[in-house]
Each structure stands twice: as C-alpha cells, then as structure tokens.
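This report describes the chain shown below, beginning with its overall make-up and then turning to its helix and one surface patch.

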Amino acid sequence: APLSLVPILSIPGALLLQVVVPDLESLSNVVLKKLLRIRFVRDVHSSIVLNTIKRSARVPVRHLGVNL
C-alpha cells in the first residue's frame, strides 16, 4: 500500500499517515498486522475518504490579497 508520513506539529510525537488501499480489508491488514505491531505505536485513528472531489492541495487565497 502506498504510504506517506506527515508530522503533526501540534502534537509532539504524532504522525499523520496516509495509506491508499483498494478496500477496507486491506486497510484493516495495514492497521492490525503492521501499524499496531510497531513497538512505539500506542493508538491508531482512521478516517476513510469515500470519494475525492478535488485533488489539488492548493488553497484559494487570492480574495485575501495573497499571491502565491
């Protein structure tokens, strides 16, 4: 499963892990058989995206007078 890690700055030691899997069974396997077996992993919270409306990470800020 493709993975990406993003540190969460507001919570020391926390990471946001994005996992792309084809189905819930695959997600369950990643969480139960891989993540929770890592010694330093205390807990896992999951959010599931059912449909992607927009893939761009750009945030519209022109109305704020900011040009990026």
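## Make-up of the chain

The chain holds one helix and two strands. Read from the N terminus, these elements follow the order β-β-α. The model is a predicted one, and its confidence varies along the chain: the mean pLDDT is lowest in strand E1 (residues 3–7) and highest in H1. Over the chain, 71% of the residues reach a pLDDT of 70 or more. Where pLDDT is low, the predicted coordinates should not be read in detail.

| Part | Mean pLDDT |
|---|---|
| Chain | 77 |
| Strand E1 (residues 3–7) | 60 |
| Helix H1 | 90 |

Of the 68 residues in the chain, 7% are buried. The accessible surface comes to about 6,800 Å², and carbon and sulfur atoms account for 59% of that area. Among contacts between residues at least 6 apart in sequence, 6% join residues at least 24 apart.

## Helix H1

Helix H1 spans residues 24–33. Its buried residues are Leu27, Val30 and Val31. Viewed down the helix axis, these buried residues fall within an arc of 90°, so they line one face of H1. Strand E2 (15–19) is included in what covers them. The face of H1 turned away from the buried side carries Glu25, Leu32 and Lys33, which are exposed.

Leu27, a residue of H1, can be followed further. Leaving aside residues up to four places away in sequence, Leu27 touches Val21 and Ile48. Leu27 and Ser46 are 19 residues apart in sequence, and their C-alpha atoms are 9.3 Å apart in space.

## Ile48 and the surface patch

Ile48, one of the residues touched by Leu27, is found in the segment after helix H1. Is Ile48 buried or exposed, or partly exposed? Its relative accessible area is 49%, so Ile48 counts as partly exposed; the class lies between buried, under 20%, and exposed, over 50%.

Ile48 also belongs to a nonpolar surface patch, which it makes together with Leu24 and Leu50. The area of this patch is about 380 Å². Why can Ile48 be part of a patch? Patches are made of residues with over 30% relative accessible area, and Ile48, at 49%, is partly exposed. Ile48 thus has a place in the surface patch and also a contact with Leu27, which is among the buried residues of H1.

Technical notes. Residues numbered from 1 in each chain as written. Predicted model: local features only at pLDDT ≥ 70, side-chain atom pairs only at ≥ 80, totals over all residues. Heavy atoms only, no water. Patch = residues over 30% accessible without salt bridge, like charges linked within 9 Å, V, L, I, M, F, W, Y side chains within 5 Å. Areas by Shrake-Rupley, 256 points an atom, 1.4 Å probe, with all protein chains shown as cover. Salt bridge = Lys/Arg side-chain N within 4 Å of Asp/Glu carboxyl O. Helix = DSSP H or I, 4+ residues; strand = E, 2+ residues; numbered from the N terminus. Buried < 20%, exposed > 50% of the residue type's maximum accessible area, 1.4 Å probe, protein only. Contact = heavy atoms within 4.5 Å. Arc of directions from axis to C-beta. pLDDT = per-residue confidence, 0-100.
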